[in-house]
Amino acid sequence: MINFNNADFEKSIGNLSQMTDDKLPEIVFSGRSNVGKSSLINKILNRKSLARVSSKPGKTVNINLYNLKNIRFVDLPGYGYAKVSFDEKKRWSNLVEGYFRESENIRLVVQIVDMRHTPSAQDFQMLDFLYSKKIPFIVAASKCDKLNKTQKDIRTGELSDELSEYKNINWIACSSVTGEGINTIKSLIVESI
Ligand SMILES: Nc1nc2c(ncn2[C@@H]2O[C@H](COP(=O)(O)OP(=O)(O)O)[C@@H](O)[C@H]2O)c(=O)[nH]1
Ligand SMILES: [Mg+2]
């Protein structure tokens with residue numbers, strides 16, 4: 001049983017040695033900066049502002065951890081923000097690559113892409129990485145409320161094609177504004193545990 005309504009912020013870490021070694025199953029959220037990662041986490045957890053939502057792409061290269069008692073949500077630092085320095089990019093890759101290398105408790109990665117656009121080169125890099133390493137993942141296509149019916153139909157077909165090389169991967173149109181897709185994502189999280 002997962003109680004999505006009983007989450008606490010655990011901590012924000014800039015170094016993998018700060019990870020708690022308690023074998024809690026982990027649900028990982030990954031995506032480009034500003035794609036709607038924090039908003040999605042808040043929506044799933046039924047909270048207004050547990051995860052900080054920002055109108056500007058964030059620069060903090062930290063992993064944020066949320067504890068749901070018997071599982072942990074792992075909020076990876078966003079990527080793809082153009083204005084970060086070489087050092088910050090280096091910090092991002094050390095932290096994220098290190099996390100995937102060292103964690104033995106990943107049950108599911110929720111890879112978030114913006115429904116309105118073709119996934120970026122970095123999104124595809126992330127998807128290729130997850131797929132080739134056989135890490136279980138789903139794709140959450142965020143901000144679907146920003147598309148009208150016609151646009152949504154078009155993007156649904158296109159995104160299916162764009163993701164077609166990842167066999168048997170679920171992708172879900174979702175919105176943190178309307179709540180569309182959130183229950184499906186929650187079910188897939190439950191199934192993964
Ligand atoms: N319309 C709409 N806006 C969203 C949605 N999700 C996030 N946003 C907005 O996108 C911006 C970035 O969101 P945030 O959750 O901080 O993204 P993060 O950087 O990936 O954590 C904020 O202005 C949010 O209000 C969504 O599903 N629909
Ligand atoms: Mg965020």
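What pattern does the chain follow when read along the sequence? In this predicted model, the order of elements is β-β-α-β-β-α-β-α-β-α-β-α. That adds up to five helices and seven strands in the chain. The radius of gyration of the chain is 16 Å, close to the 16 Å that the globule rule gives for 193 residues, so the chain is as compact as a globular protein of that length. Taken along the principal axes, the box filled by the C-alpha atoms comes to roughly 45 × 40 × 35 Å.

Two further totals describe the packing of the chain. Of its 193 residues, 37% count as buried. Among contacts between residues at least 6 apart in sequence, 76% join residues at least 24 apart.

Strand S3 (residues 63–67) makes a convenient entry point to the strand pairing. Four of the five residues of S3 are buried, which leaves the strand mostly covered. On one hand, S3 pairs with strand S1 (residues 8–13) in the antiparallel sense, over five bridges; here phenylalanine 9 has tyrosine 66 of S3 as its bridge partner. On the other hand, S3 runs antiparallel to strand S4 (residues 72–75), and four bridges join the two. Within this second pairing, asparagine 64 finds its bridge partner in aspartate 75 of S4. S3 and S4 form a hairpin with four residues between the strands, and in this hairpin lysine 69 takes a positive phi near 75°.

Attention now turns to the ligand. Around ligand 1 there are 20 residues, of which Gly36, Lys37, Ser38, Ser39 and Ser176 come nearest. Which helix gives the most to this shell? The answer is helix H1 (residues 37–44), which supplies three residues. By character, the residues of the shell around ligand 1 divide into 13 polar, four charged and three nonpolar.

A last look goes to helix H2 (residues 86–102), where glycine 98 lies. Is glycine 98 buried or partly exposed? Glycine 98 has 15 other C-beta atoms within 10 Å, whereas a buried residue would need 20 or more and an exposed one would have 12 or fewer; glycine 98 is therefore partly exposed. From glycine 98 to asparagine 148 there are 50 residues along the chain, and the C-alpha atoms of these two residues are separated by 40 Å.

How values were computed. Residues are numbered from 1 along each chain as its sequence is written. Chains are lettered from A and ligands numbered from 1 in the order in which they are written. This is a predicted model: local features need pLDDT of at least 70, side-chain atom pairs count only at pLDDT 80 or more; totals for chains, interfaces and linings use all residues. A residue is near a molecule or strand if its C-beta atom, placed from the backbone, lies within 6 Å of it. Ala, Val, Leu, Ile, Met, Phe, Trp, Tyr, Cys and Pro count as nonpolar, Asp, Glu, Lys and Arg as charged, and the others, Gly among them, as polar. The radius of gyration is taken over C-alpha atoms; the globule rule is 2.2 Å times the number of residues to the power 0.38. Two residues are in contact if their C-beta atoms, placed from the backbone, lie within 7 Å. Two strands pair if DSSP finds at least two bridges between them.
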